Amino acid sequence: METIRQTGNLDSVPKPCDYFDLIGGTSTGGIIAIMLGRLGMTVDECIRAYDTVAQIAFTPKRSSLIPASPKGAYSAQALERAIKQTVKGFCVESPCIDQRRQGRSTVESCPHEDAEFRKASCTKTVVLAITKDNVDAAPTLFTTYDTAASYRGCAIWQVARATSAAMTFFKSIKVGRDNVEFIDAGFGHNNPCEVLIEEARRQFPTHSTLQVLSIGTGLGAVVTIKDSRRTILKALAKMASTSTTVATRLNDRYGDSGQYYRFNVDRGLQDITLSDWEKTSTISAHTGNYLRDNQRTVQKFVDSFINSPRGREEATGPHVATVTIPVRHYIPLQKNKHFVGRTETLRLLSQQLFTEDGHQRVCLHGLGGVGKTQVAVRIAYEAKDELGFLVIWLPAANSATFQQACAEAVKQLAIQAVEDEDPKEVLQKYLNSDRAGKWLLVIDNVDEMGTLLGSSDEPGIHRSLPKSDNGRILFTTRSYDIAARVAGDDTIELKKMSPKEARRYLEKKVQLDHQDDVAATELLVQLTHLPLAITQAAAYLKRNKVSVRQYLDLLLKTESNMAKLMTWDFYDKDRYEGSQNAVALTWQVSFKQICDINATAAELLRFISRIEPKAIPRSMLPMAESETELIDTIGTLIGYAFLDIREGSDTYDMHSLVHLATRTWVNTEGYEKTAIADAVAHLSNVFPTDDWENRHVWRQYLPHALRALQEDGIRSEESTELCFWVGRCLNRDGQYKDAVRILEDVVSTQEKALAEDHPDRLASQHALAIKEQRLQKTTRIG
């Protein structure tokens, strides 16, 4: 691997699991195969880990001249303990990987010591063992990719025990559903290379050639085990087939084809036994000498290996692009170590995507900033790490972004492409072919219908979507209309976090003091438990070294303060480079999209920006040209998650932060004065009289009318009319003080604009006088 690093000019020594398609072995070679393949160790990590295992496991449990017991000279429990410790120290589960990246060992904390040997996402790993009751039979292959029920659930340590249960070393072990008793397959398959080659051909039937690297143990041509009982010696005599014999056959078969290389230290290790783990310096010295003597052969293998097409179909025609080492995924975003919760959403997505055979399409939709991309990232890594799927991630904010992502995926996955061939078509053809195997395609942020469907000048991305039965596609979008278009009924809406999830997320982002407890709860309520808003607040806290209470006070001080905080941009490594990270700014993208697709919906947004965001009656909304158009308009805003409908009523709510962003957008676009005037004029037309039978309606409308009037600094005829009826309704509702204040404003305006004997002016003065009388009477009674 060091020679590969030097030849490839790599920054670090690569792992064997990143270069080899299949790693296998038996006995101690089986344990090493588990370390390199199933646990994904580097060679250096493997040597150190094996040395630790040897010290624990290969110390004789007794020093006696009595012939070895069939139960073994070494402690099976010690081997089990050593393997479990190794699994915990190199656990490949995400929490443990994250912990080690932070420099903290997982040997004590890892809960996965009984991790299953099978794992479809790792490099194919094969470990050999034979049944004790039928040593003449072909060896049993324990593989990480098997799906049979008989050995489902077998732990890594159990497979390690099965392959190393040489009759004089460790006692045999029973594993699997049927409690089959296994011993080391080295008795009869001490060199398992022929068996592994045949298995590789079964697993990679389309590979025209195989490249085989066989590494010997450095033992001589004759297998000798001392202190064995006579029955064991007879079995060994019958079954022993030495490494040298197998190596000779393979060398004769492959000759100088460059497909088979064997390295085996041929001097100095003949007298090393399993219990001689303390002689590692001797082993290292002889191995180093051997490699130096055979450096040309090593280099020859490396040159052949890294320039191999890895069994891909031979390309025809000129200018065929090839890459040496293909990978099985293209996910430009890393797994988010701060991710919390979303358990039910993840369960539903996994169920809809992976439980049924055939082509599946699911769309996750929801408000911008609610965390759709991060949930999709979680699913992508689940498909890659747990299910062994090929995973390709394609951002689709616009056609150019999608095109660029396709080109990068083709490059990273080493998919053959004729020069100048459209990467979208290359990727589509590849995923529609059997060569791709099972795959998951994530199309993230497809928020514009034009990008999806295209135009007369440019085809939409929907034409580039593969339809193979081996595939699954997960879309994310802000628009329900797009969700329904790409996935039909298989859509899932992502809502804001629960209070508990939001608290855990904040605690992962910032370190909270005890005195922050109450303020943190209140802050999360103000941020409506929205992940992006929490991320933004946490970034502000860390950047400016302010407490949660200070941030909360700033947020609540004025709307202007809140707007500045919500538009404060920041860097977030878990989001795309160049994306809008500030909450208010990310929604402005959606506002623009709404303007482009539905002008009436944009007008409705401007209207709502001037009234209260909660409990908005449908009857109060500006009427479209038809009821159908109104339904479509409201549906657009609901589809973008900007409006929620209250269950069982014709009343709507807008996310308070969305409302703030809407107001900021209206002001930025220069529509503030127009929006205020239009809102007041409309409310003046629909606001009811103070007849008692209208009380249910005016009680719904009052908060919104008061909010609009508060913003209208220039009293127009419409606003004066609205003030009049608002004041009268407040009076009928017993809110005399507010009624007087509103009517005083009306009278003041009319005194400047109307003649003394104008009916409206007189009516307002009369109403004010009555309200003041009632207020005085109420004050005296009180």
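Accessible areas here come from the Shrake-Rupley method with a 1.4 Å probe. On that basis, the surface of this protein chain adds up to about 38600 Å², and carbon and sulfur atoms own 49% of it. Keep in mind that you're looking at a predicted model. Its mean pLDDT is 78, with 79% of the residues at 70 or more.

**The chain overall**

- The protein chain packs in 32 helices and 18 strands.
- It runs to 782 residues, and 48% of them count as buried.
- Take the contacts between residues at least 6 apart in sequence: 70% of these join residues at least 24 apart.

**Where confidence drops**

- Residues 184–189 have pLDDT below 50, yet the model gives this stretch 28 contacts beyond near neighbours in sequence.
- Residues 750–755 also stay under 50 in pLDDT, and here the model has nine contacts beyond four places in sequence.

**Strands and sheets**

- Strand 1 covers residues 22–26 and is mostly tucked away, with four of its five residues buried.
- Its partner is strand 2 (residues 124–131): the two run parallel and are joined by five bridges.
- Within that pairing, threonine 26 sits opposite leucine 128 of strand 2.
- Further along the chain there's an open, antiparallel sheet of three strands, in the order 16-18-17.
- Its edges are strand 16 (616–617) and strand 17 (643–645), each of which pairs on one side only.
- Strand 17 is held to strand 18 (residues 651–654) by three bridges, and these two run antiparallel.
- If you like to check for acidic neighbours, look at aspartate 644, which stands opposite aspartate 653 in strand 18.

**Aromatic rings**

- A pair of aromatic rings is described by the distance of the centres and the angle of the planes.
- Searching the whole structure turns up ten aromatic pairs.
- One of them is tyrosine 640 with phenylalanine 642, a stacked pair at 6.2 Å centre to centre and 20° between the planes.
- Both tyrosine 640 and phenylalanine 642 are buried.
- Phenylalanine 724 and tryptophan 725 go the edge-to-face way, with 5.1 Å between centres and 80° between planes.
- Phenylalanine 724 counts as buried because its relative accessibility is 11%, and the cut-off is under 20%.
- Tyr640 and Phe642 turn up again in a single aromatic cluster, together with Phe591 and Trp665.

**Charges over rings**

- Arginine 606 has its charged end over the ring of tyrosine 671, at 4.2 Å from the ring's centre.
- Lysine 84 does something similar over the face of tryptophan 157, where the distance to the ring centre is 4.8 Å.

**Backbone oddities**

- Most residues other than glycine have a negative phi.
- Alanine 414 isn't a glycine, but its phi is positive, at about 55°.
- You'll find alanine 414 in the loop that links helix 15 (399–412) to strand 12 (417–418).
- Why does alanine 414 count as buried? Its relative accessibility is 4%, so it falls under the 20% limit.
- Threonine 528 is another non-glycine residue with a positive phi, near 50°.
- This threonine 528 belongs to the loop between helix 20 (517–526) and helix 21 (531–544).
- Threonine 528 counts as buried too, since its relative accessibility is 10%.

**Two more residues to look at**

- Which residues does threonine 42 touch, not counting residues up to four places away in sequence? They are Lys15, Pro16 and Leu36.
- Threonine 42 is in the loop between helix 2 (28–38) and helix 3 (43–57).
- With 18% relative accessibility, threonine 42 counts as buried, because the cut-off is under 20%.
- Alanine 417 is part of strand 12, and at 12% relative accessibility it counts as buried.
- The C-alpha atoms of alanine 417 and tyrosine 430 lie 9.9 Å apart, with the two positions 13 residues apart along the chain.

Key. Residues are numbered from 1 along each chain as its sequence is written. This is a predicted model: local features need pLDDT of at least 70, side-chain atom pairs count only at pLDDT 80 or more; totals for chains, interfaces and linings use all residues. Side-chain values use heavy atoms; hydrogens and water are left out. Two strands pair if DSSP finds at least two bridges between them. Buried means under 20% relative accessible area, exposed over 50%, partly exposed in between (1.4 Å probe, protein chains only). Contact means heavy atoms within 4.5 Å. Rings of Phe, Tyr and Trp (its six-membered ring) pair if their centres lie within 6.5 Å; planes under 30 degrees apart count as stacked, over 60 as edge-to-face and the rest as tilted. A charge sits over a ring if NZ of Lys or CZ of Arg is within 6 Å of the ring centre and within 35 degrees of the ring normal. pLDDT is the predictor's confidence in each residue, from 0 to 100.
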